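Biologist: I should like a close look at a single part of this structure, the annotated binding site. Please describe its residues one by one and then set them in the context of the whole.

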Amino acid sequence: MDSITGSGAPQRQPASFVMKCGGSTLAALPDNFFEDLRLLQEQGNQPVIVHGGGPAISGNLERLGIETEFVNGLRRTTEDVLDVVEMVLSGSINKQIVRRIQAAGGRALGLSGSDGGLIQARPVDNSAEVGFVGEVTEVRSNIISGILDLGYMPVIAPIGVDESGQRYNINADTAAGAVASFLGAARMIVVTDVPGIMKDSGSGKAVLPAVTVQEIDEMIASGEIYGGMIPKVKAAVSCIHGQVQEVVIVDGSVPGILSRVLSGEEIGTRIVQPK
Ligand SMILES: Nc1ncnc2c1ncn2[C@@H]1O[C@H](COP(=O)(O)OP(=O)(O)O)[C@@H](O)[C@H]1O
Ligand SMILES: CC(=O)N[C@@H](CCC(=O)OP(=O)(O)O)C(=O)O
């Protein structure tokens with residue numbers, strides 16, 4: 001992606017990238033994170049944001065006295081749970097992110113995957129167990145391109161719809177990976193609450209600078225990758241093909257993290273296309 005200018009200094013080309021922001025880190029993201037996004041937008045980059053909000057959904061369900069549980073990382077989603085998921089993701093969280101980008105001087109437009117039929121979905125294979133949880137069948141990327149052409153960064157809540165109008169709760173990592181694939185973005189940056197994929201090397205846990213698909217499979221099998229990291233690596237593996245060249249998992253609290261990733265700095269964990 002980098003090119004060399006006549007002065008010898010590496011010059012980064014503006015790029016489109018998908019940034020997934022997890023619920024684990026959203027509330028803690030500093031103002032400088034959103035200022036960095038604004039700067040990237042000003043420089044001609046085209047960020048596309050897909051967000052989660054798992055902890056806020058759980059908090060609201062608890063307040064309403066609605067039981068919630070996860071089956072292999074997916075929230076069991078009844079019609080009552082779906083109401084809360086949609087309210088929290090497409091309502092409060094989506095608008096909070098848009099407001100924070102705007103407060104930093106950026107241009108953002110929030111929408112849910114059900115708006116314009118942006119994220120088309122069907123029930124996951126184990127829907128008898130998990131209810132209204134969806135997998136993505138198509139992302140209408142022309143809607144995203146249209147918003148980018150207007151000069152705004154799309155901020156997308158991971159709700160899907162099918163042809164009959166049924167809504168689905170979609171894991172945010174899965175939704176972000178599908179958006180990156182259908183859009184043909186060069187990169188997906190997964191912003192979370194840990195500095196990358198960690199592995200115990202004997203002398204303590206350290207961040208792996210890069211992992212292969214095979215290492216990911218081994219780490220899932222051994223239990224070294226567990227919980228919320230599983231949908232991230234699975235989404236990464238399924239979207240790194242074609243134009244999506246790498247997925248980078250990083251900690252959102254590190255100052256200037258997005259610019260640093262885009263400038264090629266070795267930070268976080270990179271998952272790259274198999275050779
Ligand atoms: N090998 C690993 N390295 C780092 N974090 C891991 C690993 N395996 C599991 N995790 C867990 O994954 C979590 C991130 O997933 P999650 O809490 O779902 O975040 P988000 O809300 O950003 O999607 C980390 O906080 C950590 O507890
Ligand atoms: C099906 C499913 O589990 N959907 C997730 C959607 C939100 C999400 O994925 O948020 P994070 O990125 O913060 O985990 C949920 O209901 O919590």
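Modeller: The unreviewed UniProt entry places the feature "binding site" at Gly-53, Gly-54, Arg-75 and Asn-169; UniProt positions follow the numbering used here, feature names are shortened, and annotations may be inferred rather than shown by experiment. These residues are spread over 117 residues of sequence, yet they cluster in space, with a largest C-alpha distance of 12.0 Å. The model is a predicted one, in which local features need pLDDT of at least 70 and side-chain atom pairs count only at pLDDT 80 or more, while totals for chains, interfaces and linings use all residues. Residues are numbered from 1 along each chain as its sequence is written, and chains are lettered from A and ligands numbered from 1 in the order in which they are written.

Gly-54 lies in helix H2 (residues 54–63); helices (H or I, at least four residues) and strands (E, at least two) are DSSP runs, numbered from the N terminus. Gly-54 counts as buried because it has 21 C-beta neighbours inside 10 Å. The term buried requires 20 or more other C-beta atoms within 10 Å of a residue's own, exposed means 12 or fewer, and partly exposed lies in between, with C-beta atoms placed from the backbone.

Asn-169 belongs to strand E12 (residues 167–169) and is also buried, with 26 other C-beta atoms within 10 Å. Leaving out residues up to four places away in sequence, Asn-169 touches Arg-75, Thr-77, Leu-82, Val-85, Phe-132, Val-133 and Gly-134; contact here means C-beta atoms, placed from the backbone, within 7 Å. Arg-75, itself one of the annotated positions, is thus among the contacts of Asn-169.

The loop between strand E5 (70–71) and strand E6 (74–75) holds Asn-72. Its phi is near 50°, a positive value in a residue other than glycine. Most residues other than glycine have a negative phi. Asn-72 counts as exposed, with 9 C-beta neighbours inside 10 Å.

Helix H6 (residues 172–183) has 12 residues and reaches 16 Å from its first C-alpha to its last, close to the 16 Å expected at 1.5 Å a residue; the expected span is 1.5 Å times one less than the number of residues. Of the 12 residues of H6, 11 are buried, so the helix is largely enclosed by the rest of the structure. The buried residues of H6 include Asp-173, Val-179 and Leu-183. Gly-184, with a positive phi near 70°, follows H6.

Val-179 also appears in the largest nonpolar core, which has 77 residues and in which Val-18, Val-179, Met-188 and Ile-189 have the most contacts. Helix H3 (residues 79–103) gives the most to this core, with nine residues. A nonpolar core is a set of buried Ala, Val, Leu, Ile, Met, Phe, Trp, Tyr and Cys residues joined through C-beta atoms within 7 Å. Beyond its neighbours within four places in sequence, Ile-189 is in contact with Phe-17, Met-19, Val-248, Val-250, Leu-258 and Val-261.

As for the wider setting, the unreviewed UniProt entry lists residues 17–251 for "domain: Aspartate/glutamate/uridylate kinase". That span is 40% helix and 26% strand, and its end C-alpha atoms lie 17 Å apart.

Conventions. Contact = placed C-beta atoms within 7 Å.
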